[in-house]
Amino acid sequence: MKLAVVGAGYVGLTTSACLAELGHSVTCVDSDASRIAILQGGGVPIYEEGLHELMQKNRAAGRLTFSADLRPAAGHADAIFLAVGTPSRPDGDIDLSHIETAARQLARDIRHDAVLIIKSTVVAGTARNLGRLVARERGGDAVSVASNPEFLREGTAIADFMTADRIVAGADDDLGADRLRRIYAPLRARDIPYLEMSTADAEMVKYAANAFLALKLGFINNVADLCESTGGDIRNVVSGIGLDRRIGPSFLSPGPGYGGSCFPKDTRAFAALGKRAGARQWLVERLIEDNEARKRKLAQRIIDDMGKGGRPRRVAVLGLAFKSGTDDVRESAALTIIPLLQASGAIVHAHDPRASRAAAEFLPGVRFSDDCYHACGDVDAAVVLTEWDEYRHLDLRRLASVMRGRLLFDFRNILDPAEVSRHGFRYRPIGHST
Ligand code: UGA
């Protein structure tokens with residue numbers, strides 16, 4: 001099938017490459033001509049494990065092309081995926097202007113039997129509203145608008161697409177439902193559960209899934225706090241509850257609070273929808289506050305534990321990305337914690353294997369280093385904020401030899417407490433005192 005994907009961001013690029021891999025002929029379009037030029041030259045403007053290779057393979061096979069020209073690409077397509085950004089508005093609701101602009105631009109050029117498929121995360125009712133907008137632009141000639149939310153995690157997006165837990169296909173007419181079935185036929189043949197429902201329900205699935213996962217994280221972070229206060233060990237509690245099949249072991253690692261481009265934005269939109277619809281989502285509203293407070297509380301913990309001295313404290317932050325496997329720093333704990341450390345008078349050094357460049361823009365005054373031992377040179381304390389493998393395998397002897405102090409915060413619980421203590425560190429993990 002001939003497909004167009006509008007938006008060459010994280011979701012658009014991954015979706016384009018994976019749809020091409022399924023055998024479709026895909027044109028990925030973006031209005032940012034410089035981004036398209038990079039892609040046409042064989043480059044990839046984001047880091048995602050395996051994406052470069054998958055794009056190269058499908059470009060070479062002639063199944064994946066890039067264009068800055070929306071209208072011809074959309075005009076030839078059997079289906080057009082909209083994968084443009086839906087940022088937060090100040091009131092927490094999402095801003096649909098990018099999606100509406102894209103729909104307006106292509107409304108007159110798409111074939112009457114083409115299907116517009118919303119991939120971007122949008123609140124329930126958006127597909128139906130977009131259908132009305134497109135029909136108006138076309139002088140009353142309606143086209144089918146479907147909803148096909150993505151459940152990709154950054155860092156494992158390709159595997160998440162190819163071996164998805166489920167595919168959610170939202171359509172309000174036979175044309176949309178049939179087109180989605182045909183697009184995903186190769187994955188349906190691999191027995192991936194394929195759920196058909198209305199567009200509004202598909203849109204709600206996406207928000208409910210992210211809100212639920214975020215609640216799971218908020219809950220385990222609260223239990224970790226409780227373990228700290230009562231002398232318990234969150235690791236035992238996680239093993240104990242995770243084996244209950246109704247709870248499950250995943251998404252139970254306590255940390256510095258969730259970040260990224262999805263959970264913070266989607267929980268805010270979910271709460272805003274609840275307010276607007278008269279069905280307040282109190283749990284999620286409370287979670288949003290808790291998650292922000294958590295980052296501030298952990299910054300204060302570092303400041304308190306370092307204490308005051310005659311000279312300014314120095315601290316090395318290891319990990320700026322909101323999680324490992326990505327160069328994305330959106331709403332990462334580092335962006336809250338580091339400015340608070342600086343405001344307390346500390347000098348902050350930082351290292352991240354991938355995300356320093358993206359973080360530099362938001363973190364003035366930070367001394368970035370390409371080498372984590374260099375970043376830890378002469379510091380009073382080091383703080384692991386992202387669970388990169390490189391930090392799991394820190395050479396603790398070397399770390400001890402370069403640091404001035406011996407305070408080690410592990411906000412991802414990835415270090416071996418016995419090893420850390422053996423090298424003379426004061427160890428500060430999350431949810432246990434070892
Ligand atoms: C999330 C969802 O997991 C995807 O299913 C969804 O498609 C995506 O949002 C989206 O809406 O596009 P992502 O933001 O890439 O994916 O990252 P996650 O792996 O879910 O992590 C989110 C945050 O939770 C990170 O800050 C991570 O460090 C944190 N986390 C995750 C924990 O602190 N503990 C855990 O056990 C798991």
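Let's start with helix 14, residues 333-343. Helix 14 lies across strand 9 (314-318) and strand 10 (347-351), and runs at about 150° to strand 10. Some terms. Helices (H or I, at least four residues) and strands (E, at least two) are DSSP runs, numbered from the N terminus. Axes are lines fitted to C-alpha atoms, for helices over the stretch in contact, with angles from 0 to 180 degrees between N-to-C directions. Contact means C-beta atoms, placed from the backbone, within 7 Å.

A word on the model. This is a predicted model: local features need pLDDT of at least 70, side-chain atom pairs count only at pLDDT 80 or more, and totals for chains, interfaces and linings use all residues. Residues are numbered from 1 along each chain as its sequence is written.

Now the sheet. It is open, has 6 strands in the order 11-10-9-12-13-14, and pairs in parallel. Pairing takes at least two DSSP bridges between two strands. Strand 11 (367-368) and strand 14 (426-428) are the edges, each pairing on one side only. Strand 13 (residues 407-410) runs parallel to strand 14, joined by 3 bridges. Phe409 has Arg428 of strand 14 as its bridge partner.

On to the ligand. Which residues come nearest? Ser253, Gly255, Gly260, Cys262 and Lys323, out of 21 around the ligand. Here, a residue counts if its C-beta atom, placed from the backbone, lies within 6 Å. Helix 10 (199-230) and helix 12 (263-277) each supply at least two shell residues. Helix 10 gives the most, with 3.

Where does the ligand sit? Domain 1 (2-197) and domain 2 (198-434) both give residues to its shell, so the ligand lies between them. Those bounds come from an automatic or database domain assignment.

Definitions and conventions
Two residues are in contact if their C-beta atoms, placed from the backbone, lie within 7 Å.
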